[in-house]
Amino acid sequence: MRYDVLIVGAGHGGAQAAIALRQNKYEGTIALLGDEPDLPYERPPLSKDYLAGEKPFERLLIRPPAFWEEREVALLLGRHVASVDAEAQTVTTGTGETIGYGTLIWATGGRPRRLGCAGAELEGVHTVRTREDSDKMAAELPGVETVVVVGGGYIGLEAAAVLSKFGKKVIVLEALDRVLARVAGEPLSRFFEAEHRAHGVDIRLGAQVECLLGQAHVTGVRLAGGEVIPCQMVVVGIGITPAVEQLLAAGAEGGNGVDVDAQCRTSLPHVFAIGDCARHANGYAGGDAIRLESVQNANDQANVVARTILGQQAAYDAIPWFWSNQYDLRLQTVGISAGHDQTVVRGDPATRSFSVIYLRDGRVIALDCVNMTRDYAQGRKLITEGIHVDPARLADPSVSLKELAG
Ligand SMILES: Cc1cc2nc3c(=O)[nH]c(=O)nc-3n(C[C@H](O)[C@H](O)[C@H](O)COP(=O)(O)OP(=O)(O)OC[C@H]3O[C@@H](n4cnc5c(N)ncnc54)[C@H](O)[C@@H]3O)c2cc1C
């Protein structure tokens with residue numbers, strides 16, 4: 001078996017790479033190989049409306065089933081690539097099947113990090129990355145009164161919002177002194193902490209998990225300091241480890257992810273990498289080598305690779321954007337706030353409709369907009385053009401960001 005383009009990982013990036021190749025009239029053979037049994041589907045609803053039971057799985061599909069056959073994209077699902085031979089241009093699956101490629105696109109995302117303490121493998125301890133994960137959680141929920149969520153990042157907070165809506169008692173344990181500390185400024189963290197508390201969620205900051213308790217099934221969480229929180233479910237949302245060990249073993253450069261250039265080429269010949277697993281120099285992070293974990297990044301990198309394979313000029317320089325839904329709040333983020341030296345709050349958080357604007361050296365580098373789509377749409381230009389703005393005018397909601405962008 002050999003394909004002109006073999007895509008490993010049938011998630012957001014992998015699916016979009018196949019779609020973009022066919023959209024751009026690529027005529028070679030394409031296979032999309034993934035270790036999950038399902039057709040490519042959207043991951044964000046797994047901690048939002050799919051977990052809440054408000055959206056059926058069929059509506060998560062990135063394309064309807066017939067699409068892949070019509071576009072002649074071979075789907076090799078339920079198969080895990082165990083190794084890559086970059087010289088022979090082959091991959092080998094866990095069952096020993098060898099598949100050849102002309103070009104390999106590595107789009108494997110990452111595995112959720114697990115707790116390193118005792119009890120981490122007990123039943124009732126969940127991570128949220130796949131449909132299977134979300135289904136398992138939902139199936140256990142009827143027998144659950146109290147859930148401990150470990151990690152106050154987006155996925156943990158989204159899960160907490162859904163679980164509290166189900167009437168569960170939810171405790172969020174965050175090791176740092178505020179939620180969303182790695183991705184947002186303090187005003188946004190404090191706003192979301194207050195919102196969750198108003199919905200009855202117990203947010204504990206500076207909380208260190210010592211171990212999980214239970215024989216077969218989890219019965220509680222012991223904190224450093226000795227306090228035990230009884231619970232019937234634990235949800236762990238503490239980030240991912242990029243799934244790149246096969247590429248690194250084959251000689252690709254990388255570490256925390258696999259290193260790629262502006263066309264998403266790895267250091268191995270004929271091998272690209274995209275999405276959560278691809279570490280790239282990002283202009284919106286001051287040129288630093290970073291990985292982004294977002295649908296935008298996976299899709300835009302997939303498009304760059306498709307055009308590069310087709311011999312077109314393309315370079316990854318898309319502005320990062322992201323969203324999160326919690327309760328009736330829609331957060332929309334654009335740009336990268338890391339490295340900011342000033343924060344401006346635009347509007348009153350008490351109205352539940354406001355933006356946090358991040359500046360570096362007097363230029364806007366990112367916005368977090370809560371129920372404020374207008375700022376999100378109009379603020380992009382401030383970032384892309386690197387415009388110097390008076391913070392006092394930015395803070396004034398009567399002055400539109402469009403006006404400030406000129
Ligand atoms: C619960 C949740 C909520 C999220 N919410 C948002 C959001 O609101 N907004 C947003 O922008 N982003 C969100 N994200 C992040 C977003 O889903 C990811 O950034 C995106 O899916 C990355 O795409 P990808 O193609 O890199 O990886 P994935 O979509 O994870 O796809 C990778 C696929 O490769 C498979 N795979 C891995 N290793 C192998 C192997 N060796 N062989 C075969 N297959 C393999 C994996 O099982 C998986 O199916 C969320 C993620 C999760 C988990």
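1. Strand S17 and strand S18 (residues 257-259) run antiparallel and are joined by two bridges. One pairing can be named: glycine 255 has glycine 257, in S18, as its bridge partner. This is a predicted model, and the points below should be read with that in mind.

2. S17 and S18 belong to an open sheet of four strands, in the order S17-S18-S20-S21, and the pairing is mixed. The edges are strand S17 (254-255) and strand S21 (289-290); each has a single partner strand, so one side of each is left without a neighbour in the sheet. As background, strands of a sheet pair through backbone hydrogen bonds, either parallel or antiparallel.

3. On disulfides, a search of the whole structure finds zero. A disulfide is a covalent bond between the sulfur atoms of two cysteines. The cut-off used is 2.5 Å between the sulfur atoms. For cysteine 117, the closest cysteine sulfur is that of cysteine 211, at 6.3 Å, which is too far for a bond.

4. Why does cysteine 264 not form a bond with cysteine 277? The sulfur of cysteine 277 is the closest cysteine sulfur to that of cysteine 264, but the two are 9.7 Å apart, so they are too far for a bond. Cysteine 264 is also buried, with a relative accessible area of 1%.

5. Is asparagine 297 buried or exposed? Asparagine 297 is buried, and its relative accessible area is 0%. This residue lies in helix H7, which covers residues 295-309. Apart from neighbours within four places in sequence, asparagine 297 is in contact with Gly275, Asp276, His280, Leu292 and Tyr316.

Key: Residues are numbered from 1 along each chain as its sequence is written. This is a predicted model: local features need pLDDT of at least 70, side-chain atom pairs count only at pLDDT 80 or more; totals for chains, interfaces and linings use all residues. Side-chain values use heavy atoms; hydrogens and water are left out. Buried means under 20% relative accessible area, exposed over 50%, partly exposed in between (1.4 Å probe, protein chains only). Contact means heavy atoms within 4.5 Å. Two strands pair if DSSP finds at least two bridges between them.
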